[in-house]
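Work through the exercises below with the sequence and the model at hand. Each task is followed by a worked solution.

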Amino acid sequence: EEGEAIELSAEAVATAGIVTAPAASRRLRAELETTGSVDFDQRRFAHVSPRVGGRVESVPVELGEAVRAGQVLARIDSIELGQAVGDYLQSRARAELTRETLEREERLFRERVSSEQEMLTARAASREADAALRGAEERLHLLGMSNQEVAKLGYDQPRVSIFEVRAPFVGTIVAKEVTRGEMVEPQSQLFQIADLSRLWVWIDVYERDLSRVHLGDGVTVEVDAYPGTPFTGEVIYLGASVQSETRTTRARIEVPNPEGRLRPGMFARVRIFDPHTSGDTPGTAEVIAVPEAAVQREGDRSVVFVALGEGRFEPRTVKLGRRGEGFVEVLEGVAAGEPV
């Protein structure tokens, strides 16, 4: 209870490893504590859909698999693609034929064997065929075929109706919603791919704390899965408006995650370090502070134990202020110099 001192023998103090430190005046680098949630880096997150409809012939990847950019995720047998390839090959053959006809008519016209009208008719037919070929080729590009793939097309090429769904970038398959044999459409979402090497943490910053948060501020993030293991990052986005209901602004933190330990959806405890008000900043007010480890939580109150000497410790309810570098400001409850 408040004011009732606890007495411990010297042996008990030593066994418990109790040490004391005086409440002392110090300049704290400003820190802000809040909570947030881990999310995908939406710049490196993609829903993967096919460009064409058809029947899924094979799915050579599994959920959770790491994939490289351009890796085949699924193969789709598409009537639409087959028809588009057929139209292209026909257009290419017609363009080649009309081009040869034009060259012949131009030669005959120069030799005064053919009339100018016949040459102009051949030229118009060639231009029309070239336009149709460009349209057929553009359709293949819209369906996902590269210039090299189009150039290799021929009547003797097998399985031209197979469309390959490929990974847009290096990442991990975080959702797989396709099975072999099913029918899919261009609007079907087959996979979700995310680059998990960097993640975002979303936090809400109260209006009263906005002056202490800036783009580029350093941050540490802790999650329950790895207690005592902070992850470092920085503030990369600060909302331009304040929500009228909560009086908060959304802020986003970017955190490197090379070992993949952080996962989207995790609850995170966040500390933001404001370099604009460091301990060396002129005019920074000194505060009375104690080590964070000296503060105990009892229900909704914070308590420190003041050492009275001879193994006696008095509990004090304290009102706390800012935190920083392992210390916490004491606004009420402990005086400067008292050992806690």
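A charge counts as sitting over a ring if NZ of Lys or CZ of Arg is within 6 Å of the ring centre and within 35 degrees of the ring normal. The model used here is a predicted one.

**Exercise 1. Charges over rings**

Find which ring R26 lies over, and which ring lies under the charged end of R252.

Solution. Start with R26: it lies over the face of F327, and its distance from the ring centre is 3.6 Å. Next take R252, whose charged end sits over the ring of W200 at 4.0 Å from the centre.

**Exercise 2. Aromatic pairs**

State how many aromatic pairs there are, then classify the pair W200 and W202 and the pair Y226 and F231.

Solution. A pair of aromatic rings is described by the distance of the centres and the angle of the planes. Rings pair if their centres lie within 6.5 Å, and planes over 60 degrees apart count as edge-to-face. By this rule there are four aromatic pairs. For W200 and W202 the centres are 6.0 Å apart and the planes stand at 90°, so this pair is edge-to-face. Both of these tryptophans are buried. For Y226 and F231 the centres are 6.3 Å apart and the planes are at 75°, so this pair is edge-to-face. Y226 is partly exposed, with a relative accessible area of 28%, whereas F231 is buried at 8%. Finally, W200 and W202 belong to one aromatic cluster together with Y237.

**Exercise 3. The length of helix 3**

Check whether the distance between the end C-alpha atoms of helix 3 (residues 116–142) agrees with the expected span.

Solution. The expected span is 1.5 Å times one less than the number of residues. Helix 3 has 27 residues, so it should span 39 Å; its end C-alpha atoms are 39 Å apart, which agrees. Now look at its buried residues, among them M119, A122, S126 and L133. The elements that cover the buried residues of helix 3 include helix 2 (79–110) and helix 4 (147–151). After helix 3 comes G144, with a positive phi near 105°.

**Exercise 4. Positive phi outside glycine**

Locate R247 and E310, and decide whether each is buried, partly exposed or exposed.

Solution. Most residues other than glycine have a negative phi. R247 has a positive phi, near 60°, and is placed in the loop between strand 14 (231–238) and strand 15 (248–256). Its relative accessible area is 38%, so R247 is partly exposed. E310 also has a positive phi, near 55°, and lies in the loop between strand 19 (301–309) and strand 20 (312–324). With a relative accessible area of 79%, E310 is exposed.

Terms used: Residues are numbered from 1 along each chain as its sequence is written. This is a predicted model: local features need pLDDT of at least 70, side-chain atom pairs count only at pLDDT 80 or more; totals for chains, interfaces and linings use all residues. Side-chain values use heavy atoms; hydrogens and water are left out. Helices (H or I, at least four residues) and strands (E, at least two) are DSSP runs, numbered from the N terminus. Buried means under 20% relative accessible area, exposed over 50%, partly exposed in between (1.4 Å probe, protein chains only). Contact means heavy atoms within 4.5 Å. Rings of Phe, Tyr and Trp (its six-membered ring) pair if their centres lie within 6.5 Å; planes under 30 degrees apart count as stacked, over 60 as edge-to-face and the rest as tilted.
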